[in-house]
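Me: Please take a close look at the part of this model where helices pack on sheets. I would like to know how the strands are ordered there and what lies against them.

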Amino acid sequence: MDFSRLQKLNQARVLVVGDVMLDRYWHGDTGRISPEAPVPVVKVSSLEDKAGGAANVAKNIAHLDGQVGLLGLIGEDDNGQSLLRILESEKIASQLVTIEELPTIAKMRVISRHQQVVRLDLEETFTQQHSRLLLARLEQVLDDYDFVLFSDYNKGALSAIKEMISLAKAAGKTVLIDPKSSDLSLYRGADYITPNLNEFKLAGGKADSEQVLTESARKLIADNGIGAMLLTRSEQGMSLISANEKYDFPAQVLEVSDVTGAGDTVIATLTTMLGAGMAPKDAVEVANIAAGIAVSKLGAATVSPEELSRKMGQYLRETGEHYQTPFDDVLKHITFAKKNGEKIVFTNGCFDILHAGHVRYLAQAKSMGDRLVVGLNNDESISRLKGPQRPINGLNERAMVLSALASVDWVIPFGSEDEDDTPAKLIETISPDILVKGGDYKIEDIAGADYVLSQGGQVEVLAFVDGCSTSGIIEKAKMGKSQKS
């Protein structure tokens, strides 16, 4: 596997087209039965809106750092406006078409004690005429993308999908489809389709044995003019089947918490990896890993590049490679983590020569929250602080070593000419839950401490390990050199 392609995820340019929805959740506790009818009474304590349907697919791609646009239909209503605000916050370029006479599709769920009490669906089926409005918009924006992903939930937005596929293929785009129709001829010309096992059988596929399944899949894609099928098979994993090849990927051994949205994660990851230049087999292998991560979370969850990197640990041990979040993407990843309710810990330093004291200190800092961000003085800042002979190691080398530690989630530099040599401005930008500093400091003397405390956060001071210092290591190296000379 060319693991370096994970560093190129932001090169994936994907347009998601399909049935967009608003997923709304009312959370609360149940303490009694209604006197009006034998139903539980839920006292609502919080309301949560999320991107659903094709919008959730786009969200998955955005969280993998892909450049993503979304084309779909919404109503002229409050739910549509809520969805637009969510898409903007998720860094998704929305190309939604408003239909005055129909509502935005919304799935409203009442959740109590992690159980769904009831779901309310607000929807009307969009018509062929509405779908052709999407076709016209597709033609306008197609040149901005390399991949077109159709997410079909059978709500009418893709009624004109035959013409949409023809348009995309004529423009030289790679087309992927998460199908809902059992008539696969609708998807003629697609490069990949990703049915689950039930959808495969409804389309005429047979799974009496592995050989029968393979032959049946090949007949379906040949008869319907489709390039390849990625068949998701629940506990049996998934299979990539084309006219001449078949690759099987066993399910990841993880505790299944919720399978909601797993199919969205699979096709979103597959498309993003292909967009980053991965070979199809490798892209499916990563998509399989992503699916395993997604089903271990509650709800329609997304997967980050850092999570993929950690789960691909066996490959990393064999090659020595690792994933490092590009500096330009760190702030976006922190925002996504905060939305997921994760506690952010921040620390900073030069880390010119990483030693045992640093490693222990960073592990202690990470243990205080869910994610650890390391603010790293850039080379110019270190030279100003420690003299022209420093740093010993440049910014990129120091960042690579730090990001390889299990305790460190993100590294971000600071110290440009228009800043001072403290991380105060960076801390205000990130607004961590916990600020950690190593050494003999008073809290009032720590840069950024006053801001973190004013936001309701914590400031912690950790002791360094005695006998471990970068300066000491440098002096020992100089003494050794002078003795040899």
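The reply starts from the whole chain and then turns to the sheets and the helices.

Reply: This is a predicted model, in which local features need pLDDT of at least 70 and side-chain atom pairs count only at pLDDT 80 or more, while totals for chains, interfaces and linings use all residues. Residues are numbered from 1 along each chain as its sequence is written, and side-chain values use heavy atoms, without hydrogens and water.

The protein chain has 17 helices and 20 strands, taken as DSSP runs (H or I over at least four residues, E over at least two) and numbered from the N terminus. Of its 485 residues, 51% are buried, meaning under 20% relative accessible area with a 1.4 Å probe and protein chains only, where over 50% is exposed and anything in between partly exposed. Among contacts (heavy atoms within 4.5 Å) with a separation of 6 or more, 68% join residues 24 or more positions apart.

One open sheet has nine strands with mixed pairing, in the order β6-β4-β1-β10-β11-β12-β13-β14-β15; strands pair if DSSP finds at least two bridges between them. At its edges lie β6 (93-94) and β15 (246-249), each of which pairs on one side only. The β6 edge is joined to β4 (residues 67-71) in the parallel sense over two bridges, and G69 has A93 in β6 as its bridge partner. Helix α4 (residues 161-170) packs on this sheet, where it touches β1 (13-18), β10 (147-151) and β11 (174-178), and its direction makes about 155 degrees with that of β11; such angles run from 0 to 180 degrees between N-to-C directions, with axes fitted to C-alpha atoms and, for helices, over the stretch in contact.

Helix α4 also has a helical neighbour, since the axes of α3 (residues 128-141) and α4 come within 10 Å and cross at roughly 10 degrees. The crossing therefore makes α3 roughly parallel to α4, as angles under 35 degrees do, with over 145 roughly antiparallel, 65 to 115 roughly perpendicular and the rest oblique. On the α3 side the contact is made by Q128, S131, R132, L134, L135, L138 and E139, which meet E163, M164 and L167 in α4.

The largest nonpolar core has 53 residues, and those with the most contacts inside it are V16, L70, M273 and L308; a core is a set of buried Ala, Val, Leu, Ile, Met, Phe, Trp, Tyr and Cys residues joined through side-chain atoms within 4.5 Å. Helix α8 (residues 280-294) gives the most to this core, with nine residues. Leaving aside neighbours within four places in sequence, V16 touches, among others, A54, V57, I61, G69, L70 and L149. A second, separate core of 40 residues includes V141, L142, A157 and V175.

The other sheet to consider is an open one of five strands, in the order β18-β17-β16-β19-β20 with parallel pairing, whose edge strands β18 (410-414) and β20 (458-462) each pair on one side only. Neighbouring strands in this five-stranded sheet are turned by 25 degrees against each other on average, direction ignored. Strand β17 (residues 371-377) pairs with β18 over five parallel bridges, and N377 stands opposite F414 in β18. Helix α11 (residues 327-339) packs on this sheet against β16 (344-349), β17 and β18, its direction making about 125 degrees with that of β18. Within α11, the buried residues include V330, I334, F336 and A337 as well as D329 and K332, and just after α11 G341 takes a positive phi of about 80 degrees.
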